[in-house]
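Biologist: Hi, could you walk me through this one? I'm new to reading structures.

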Amino acid sequence: MKQKSIYYEEEPSLVSAKERDRYKYILSFALFFLVFQFIWANNTFFEVKENFVFQEQTRTIKGVVTDASGQPVIGVNVLVLGTVRGMQTNFDGEYEVKASKGDILEFSYIGMETKKVTVADANVIDVVLKEGAEALDEVVLVSFGTQKKKNIISSVATVKPAELKIASSNLTTALAGRVPGLISYQRGGEPGRNNAEFFIRGVTTFGYASSPLILIDGVELTVDDLRRLHPDDIAEFSIMKDASATALYGARGANGVIFVTTKEGVEGPVKVTVRMESSVSTPTREIELADPITYMRMGNEAVKTRDPLGLLPYSLEKIENTIAGTNPILYPTTDWYEELFQDFAVSNRVNFSLNGGGKTARYYVSVASNTDNGVLSVPKISNFNSNVKFKQQNIRSSTNISLTETSKLKLSFNVNFENYSGPISGGSEVYNQVMRTNPVLFRPYYEKDAANEFTNHILFGNYGNGDYLNPYAEMVRGYQENVSSKIIAQVEFNHDFKSIADGLNFRLIFNGTKDSRYEALRSYNPYYYTPRLSSLTGQTSLTALNEESGTETLSFLQRNRLISSSTYIESNLSYQKEIDDKNEVSGLLVFTINDRLSTLADGDLGASEAQQLQKSLAYRNMGVSGRFTYARSQKYFAEFSFGYNGSERFAKAERWGFFPSLALGWMVSDEKFFDSIDDVVTKLKIKGSYGLVGNDQIGGEDDRFFYLSQVDLNSGGYTTGENFSNFQSGVSIQRYANDQITWETGKKMNIGFELGLFKKVDLEVDLFREDRENILSNRILPSSIGLQAGVRANIGEARSDGVDGTVVFSDDFADGNGWMQLRGNFTYAKNKITKIEEPDYSATPWLSRIGQPINQVWGYVAERLFVDQAEVDNSPVQTFGEYSGGDIKYRDVNGDGKISALDRVPIGNPTVPEITYGMGLSAGYKNLDVSCFFQGSANSSFWVNPYDTAPFVGERQLIKAWADDYWSETNRNEYAKWPRLSNTYVQNNNQTNTWFMQDGSFLRLKQVEIGYKMPEDLVSKLKMEKIRLYLSGTNLLVMSDFKLWDPELSGNGLSYPNQRVFNFGVNVSF
Amino acid sequence: MKNNKIYIAIIFVASMLSSCEKDYLNVVPDNVATIDNAFSNRFNTQKFLYTIYSAIPEPGSVNNPALNGGDEIWYPDSERNRTGVRIAQGFQSATSPSYNLWGNDGLYEGIRNCNIFLSRIDNVQGIQAYEKTTWKAEVNFLKAYFHFYMLRMYGPIVINDELVPVSAATGDINSDRNTIEETFTYIVGLLDNAIVDLPITLQNPGEELGRVTKPIAAAMKARVLMTYASPLFNGNSVYDGFVNAEGTPFFPATYAPEKWDNAAVAAKEAIDFCHEAGMRLFQKEDYINRSGNAITSDITLLKAGLRSRMTEKWNTELIWGHTGSTNNIEYESMPRLYNYTTNPVASRHCPPLRIAEMYYSKNGVPIEEDVTYDYANRHKLRSSLVADKYHVEEGQRTAILNFDRETRFYADLAFDRGVWYGNGANDESDPWYVHARGGEFASVFEISQYSVTGYWPKKLVAIPTQVNTGTSLSTTRYAFPILRLADLYLYYAEALNESKAAPDAQVYEYIDLVRERAGLSSVVDSWSGFSNNPSKPTTKVGMRKIIQQERMIEMSFEGARFWDLRRWKLAKEFMNKPIKGWNVLENDADDYYTIRTLYNPTYSEKDYLWPIPETETINDPSLIQNPGW
């Protein structure tokens, strides 16, 4: 124990001088925690209790655990079977445990075969563990507890935390392609706002929420909490997919559950791990824009081609002067991307953890700090930095205290601080703004000229009346700071009731979470200038455009002051018993309540009073769940689980629901008749489950209580009176009461098998089907009855089918000096709507949603572009507004001679990919290791939004791909990429159609990493235990048919792009 | 023993949890607002009444197609996608209908609120019986008005008289369109009931102006019956094949001349109620001069009086005005009068050339008929003389078209070199002048803010409305007229002319009142004195033309022309002619005053009726779409 102080007197040697100050701060903080825990752990009160509890016949058994090559194995779980006593081996592979004669010690370690040893007379038991392709007794997280992997017959996928280590401070971006059954994609790359979306086994509801329930250390938390987790702190990460795994979560588990536990302290001297990473990120792909001259020429063409009488935006004089470049002030060209964005951004991440403890108390403390910078170009003329900067600090501590031999207390605290600073409208918006800015009207800003010599402000460029968008000014004019902090405190009490019955355990969890956030915006109104040519002097001088509205001083706006607080209490009674050699039973009963209250977000402050009131009320949940398992001869397994769950959202009669499920499993390979092929098929398990799970997240975020009508008594209104002074507010109905509304129910079925071959290959495949019923959907009623709000009922049904699987192949080579592993996983989830209230579509069956995927898009079939007006005149009428030659020609599906909404057909694939897959190869030789990982997605479509890309409309930029290939009167290419130009939206072309549809499939090289472990003699000279250096790259390559931007962004390609990251890191433990 | 303590603690906590209140999930407190609260007392019930008022389509809204969906007001190209402008260009569609009042947020919601109100009002405590009666009459009136508004747009509509329960099965809901006759009969029935119970004037005008009275309901009945009698709905053979599911034609098959008699009776009845309530045409003597500068010239006073007939709030001839803000419409209609550094006015409501040509000559007859008017050279230029100084800036050149016109021309329109009395310049000898040629103040400020025709609807801008210090517009609010007395007089004249074999003194009486107020002689005198067609007022057809032109002039920019052209079945004729204006980008006067075609609109037979939104016909395939859509 005394060693600890030594380590903290040293400064970490690998920290650069520049950053040292910050680490000092982090270190001292960690030290404070440590000291605090020290005092706690050495408290004599606990010592006394310990002595009191120990019984005479128990003695201390010691030993060393080594692998086949004689190397000590660290972190082996040593458990006295039938008790909760146990520990993990220390760095020398040593363990020490109290046991009595006849007790069975179980030694287990991931990737090794578990070994059981019965305690005899010897006090020293050394154990050698053999490596295995898979450890069958590996413990896996299941709802409200753990189970041995061998006994698991529900569908649970586990990910090794190491696989989640990518060069990002956002854990959600690491999930795609890693987990069978998880469909995930990332639609933007702005630091702090780059959460990936994910669905377990796809989407089976067309209701409001289709994202999974997220549980961290057993408590329901949000996607943001998941994002903040550091892979280094994760002990286990699993995903629960079928009814048997999720039924316990009752009315909340239908969309699947993501379950994460964080690391706990391990008995032993203090162990310090430090990881430091620096990364460089650049956009995966940038959008190419046309040059300014082309922009002007085509801008003129856009007007002329539609309206020969129209006013041309760019005079010949302007175009020629711009080409000549004689007066770049008066005839500017601005590459806004170049002006606003840097080529790359640098981010830093540090993670520091301490781990250790004695018999009475063990601790795990980690401190992590990330700084992510955005790629906005920091303007030198501005005195505040409005580039995106996202800083996170995370302090996590968990302490396990053994109160008595049978009682344990676990305290954990998790504190998160986040600080986002960036431009007023956010980093993504800066990208969007660039697209909406004319490249030839003005410069971002002008140097001070003689007339404005004494101005104190930046002379931002603008045009006309001064109300054009200048994204540079928007970026520079101010900055926002978002500060958020989240504090999670959890107390867990465990008691072993072996005095009543062997294997009976009680657990009580209390969790309190406080979340607070606030945003401050500081900005000024830019002064805009435009160059004017004086006809008298022939000089260009800058003229102010908005002397009245511009300001030099900052104004301040505070928004999104959000505080939320939630409480979770769980009591959990479990029983586990091996009745005899053959029969094993377990039972679990859990009672949970959940309560959350929060202030309203700014967005809600504009809502009606009625809505605000309803949203201000507590969110509550309450339930009892249970699971009963039976295993016979380790070959036949049965499991029954249930959730009985209530939600505050529904009327009293509809509030509570019962969600049962049943699962059966058979370990075929343990049967006698399998012995002969034992070497080939090492494992074969067949399992199946069926059950019900609910989803109470229906309607919308604003729908709290369906059984109440929502009436706003202060909405709209009318004025009367001579002086228009008598205003009376009006009444609006926002929801009609319906006390029949209840949650949706998913009927989930799962059949799977697990197969092990040649001790090298592991294959797991699950086939699933889910029938989701009672999906809340809108009734179809004629407008002529005058309802103000939609009428909804639990009338929708949907089904999804699919398969997910994973295969692992591992092998050694070069006499055990080298190893390699190939992993692949695959998810295919296809859904369709089976019931929904629809109009009578008998005449136009293609409009029916029944039988079509939930995220299917309907649109018009674009045949090609019209050749000319004559063709327009001789074709079916298109009813979306003016159109002519060069506009999109649609197919008249119903043949009624006109193109109307009746001609819309399902086009393309659903917007959520049906197939997600990933494959990775990792290999090591001596001290070197290499890994790469591919992620892919298929069967999805997306649309290039013609509203966002239509050049010249609202000064929008011209994408080079359009400039290179568009319909013009001189080049009537009816298959050109962009239809006839226009300076206004052409509604005819903007309809959802197949012209702008794109295939969303892609395969990307997500991650490559090369690591080098420093040789041991060198490491030990440095008094270290391990030093590993590594270099990694993320999002290196992408293969796709779509070339305009990163296809993973789908239709969102004009905002902050996903990032390609090169990362250098070092991982040290001592 | 320690263990026991722990057990006790566990049992204690566990029992706490299990004894958790049963109502843990009952988080909703009492008194959360529901529909019952809207009828809990007099005050809340009145709020509901105001809710119904708030559904009245705003006549002065820049999205009201009656203002800019026809040929009366045009816009710069950048405003092409405005609701009304899309209709004007001929881009109405069933897929995405412009000004869709059938679908969500449409008038049926207002109608349902009427039904809710009528089903609840009797049970509200604390409202006096007479008040309940009046309120019910108001709601019945509004219910009729909403139905009429839709009828005028869509033709046959679904009458929604009863409150359909939310839980009704789809099959139990009637969504079939009623015939024209059923709908008109239904509307007139509601109005008749309302007229009986409504007060002749408001008890407390200070608080209540804008609420419905007997003259309003009677005048609306006149409008309804005028519409019913007009060619679009009366004997229109175009819709012969337009039948409902039973095969009954939606439109009456034969022309019924007695419908004009009914309209005349209703108009006269309404006029009598209005007179009884003290209404009369707003005369120049009624002009309220708030500026402190006296007006000495008769011309300026007449112009000011005529401008005030629209923009003087609650003036003597206003029957029913809407109380919505007029800020936007004034902002859009006012030219820039001097060098503003910002854009306090948008200045983009632009009456096309044909509207300028529509106004009479100073002799009160159409310019093309006036024998004294140099019609052939009207697009040429001349300089303003001293005699013209109250209309056109002295010594400046402008088109001959802008000279020697009736006073309403100068009261209603602004043009290059024309006089703008108001905007703070209240000395008639030193008013603002509009300078609109290329590069001048009132010219293109930016591409979305200028008059593309060279005219502005001055009529829509109140005289005291002004731009303060060149930066911000301070508008004087008025009640945008839905019904006014001149309108009713002209209805009466029109109905009488149609119902009689030939025009007589009775027909001339009310149109002449309107002309007299505008400073013009009677129809007979003017035509006989100045028209190249002096006998025009003596024939029914000739008189019809005269009344129509008088209506279009008198009611300009108020949203009347749009509906009148439709009900007269003249829209197709008018709306297929090119929209023209002066060549406003030119600097030089001669170049400026050349005619430029702005747009060639198209209007076909189907455009007489709005399309029913396609979403509705898809949702309910039994709903019959209007012909041609």
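Modeller: Here is a quick tour of one strand and some salt bridges.
Modeller: This is a predicted model: local features need pLDDT of at least 70, side-chain atom pairs count only at pLDDT 80 or more, and totals for chains, interfaces and linings use all residues. Residues are numbered from 1 along each chain as its sequence is written, chains are lettered from A and ligands numbered from 1 in the order in which they are written, and side-chain values use heavy atoms, with hydrogens and water left out.

Biologist: How many residues of strand E20 of chain A are buried?
Modeller: 11 of the 14 are, so the rest of the structure largely encloses E20(A), residues 389-402. Buried means under 20% relative accessible area, exposed over 50%, partly exposed in between (1.4 Å probe, protein chains only). Strands (E, at least two residues) and helices (H or I, at least four) are DSSP runs, numbered from the N terminus.

Biologist: What joins E20(A) to E21(A)?
Modeller: A hairpin, through 4 residues. The two run antiparallel, with 14 bridges. Strands pair if DSSP finds at least two bridges between them.

Biologist: New topic. How many salt bridges are there over all chains?
Modeller: The search finds 96. Each is a side-chain nitrogen of Lys or Arg within 4 Å of a carboxyl oxygen of Asp or Glu.

Biologist: Which residue forms one with B:Arg484?
Modeller: B:Glu554, with the closest N and O atoms 3.0 Å apart. B:Arg484 is in strand E10 and B:Glu554 in helix H18 of chain B, so the pair ties together parts 70 residues apart in sequence.

Biologist: Is B:Glu554 buried or exposed?
Modeller: Buried, at 0% relative accessible area. B:Arg484 is buried too, at 1%.
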